[in-house]
Amino acid sequence: MNAVPPAYRLSVAPMIDLTDRHCRYLHRQMSRHTLLYTEMVVAAALVRGGALRLLDHDPSEQPVAVQLGGSEPGELAAATRICVDHGYREVNLNVGCPSDRVQSGCFGAVLMRDPALVSDCLAAMREAAEVTGAGVRGAGVTGVEVTVKCRIGVDDQVPEEVLPAFLETVQAAGIHRVIVHARKAWLKGLSPKENREIPPLDYPLVLSMKRAFPDLTIIINGGIGSLATARELLEQGLDGVMIGRAAYHDPGEILLPADRLIFGSDTPDRSPEAVVAAMRPYIARHLAIGGRLGAITRHMLGLFAGRPGARSWRRSLSEAGSRPDAGLEALDRALEEILAAT
C-alpha cells in the first residue's frame, strides 16, 4: 500500500466554542489521519494572560495544529514558542475571522487589508518556531510549520487582485501552506454566521491560485459538506480540503470513512457504536477529576445523524449533559435507546 498522504489532505476547521480538546479527542477516535485544529487562541491570552490551559491536549490527538489570533509580531512569536513547547507542530495564523470581537483586537480577516503586517507576523512566528523547534528536536521533532488561514478578500476588495497579491506576500515571508476560505468577509453588516453563508463561494478562484502558485500548498475551505465534494476538489488539483461545521454536526458522514476515502487506508471504518465505546475510558477519567459529562457529550450529539433514533440520542444526551451529577450510565442509556431504535 502507498504511503499515507499528508494530514492536511483533509482537516477539520478551527471553530470557536466547538473544536476544544474533548471534541478533538472524539474526532481522533473517528479518523487516525485527519488533521485537527484547536479553537483560535488569542496570542495575548497566552503571553500576557498566562492562559496556558487553552493549549491542553491529549497526545493521541496528533496530528493537531494550534491556531493563533493576533497582529503584533513580537507577541505572536512569543505565543508560537509557547505552542511549540506544548507539543504543537503546526502554528496557524488567523487572517479570516470576521467577528467584531476579533476586529476590535485588530486581527482576523481585517488583516487582509495589511499584508505587510501579516508578512511581519509570519516571519516572526517562523523564526520563533524554528529556534524553539530546534531546541526540542531531541524528542523526535522533525520540524514545526507556520501556516496561515485567510479569506479571498474583505469588503469592497477585488478578490482577483487581492488574493494573488496576498499569496505572493506570504510566500515571500517563507510560508509554504495556506488555507483559503473561498468567500469574502464583510466586516460590517454581517454576523460571523452570515459571513459563513451569504458571501458567494468562489472555488474557481482558489483553483486558479493553485495553478498560479504551484509551489504553494493550498487548502480550500468554505461550504464543503461532503467527502464527495472534497474528493472532487482534490482531483482538480488542490492539495487539501478543510471542512468545518459539516464535520462537527455530522462527523459520522465526514470522519468515519475519511481514512479510507481520502487517505487510502485499508482499515475498516469504525462504527458510531465503536466510537462510543472508545470514548468511555476518556469520559471516565474526565468525570473522576470532577468534570461534567456534558462537556464531552455535547460534541457527540451528531454521531448518529441520519440513523433511526438519532433524535432520541440527541435529546437523551442533552438532558443528561445539563445535569451536574450525570455519569456514564447516562451515556449507556442513550446508546441503548438508539440501538433499540435500529
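**Annotated binding site and burial in a predicted model**

Reader: Which helix holds glutamine 29?
Author: The structure is a predicted model. Within this model, glutamine 29 falls in the run of residues 21-30, which is helix α1.

Reader: Is glutamine 29 buried or exposed, and which residues does glutamine 29 touch?
Author: Its relative accessible area is 13%. Because buried means under 20%, glutamine 29 is classed as buried. Leaving aside residues up to four places away in sequence, glutamine 29 touches Arg270, Val275, Ala278 and Met279.

Reader: Which residues does the UniProt annotation "binding site" cover, and where do they lie with respect to the largest pocket?
Author: According to the unreviewed UniProt entry, the annotation covers Gln67, Lys149, His181, Asn221, Gly222, Gly223, Gly244 and Arg245. From this set, Gln67, Lys149, His181, Asn221, Gly222, Gly223, Gly244 and Arg245 belong to the lining of the largest pocket.

Reader: Why does lysine 149 count as buried or exposed, and in which strand is it found?
Author: Lysine 149 has 12% relative accessibility, and the limit for burial is under 20%, so lysine 149 counts as buried. Its contacts, not counting residues up to four places away in sequence, include Gln67, His181 and Asn221. These three residues are also covered by the "binding site" annotation. Lysine 149 is found in residues 145-151, that is, strand β5.

Reader: What is the accessibility class of arginine 245?
Author: Arginine 245 is placed in helix α10, residues 245-249. Beyond residues up to four places away in sequence, arginine 245 touches Met15, Leu18, Arg196 and Asp250. Its relative accessibility is 30%, and therefore arginine 245 counts as partly exposed.

Note on methods
Residues numbered from 1 in each chain as written. Predicted model: local features only at pLDDT ≥ 70, side-chain atom pairs only at ≥ 80, totals over all residues. Heavy atoms only, no water. UniProt positions renumbered as here; feature names shortened; annotations may be inferred. 1 Å grid on protein atoms, 1.4 Å probe; cavity = no way out; pocket = protein on both sides within 12 Å on 5 of 7 lines; lining within 4 Å. Helix = DSSP H or I, 4+ residues; strand = E, 2+ residues; numbered from the N terminus. Buried < 20%, exposed > 50% of the residue type's maximum accessible area, 1.4 Å probe, protein only. Contact = heavy atoms within 4.5 Å.
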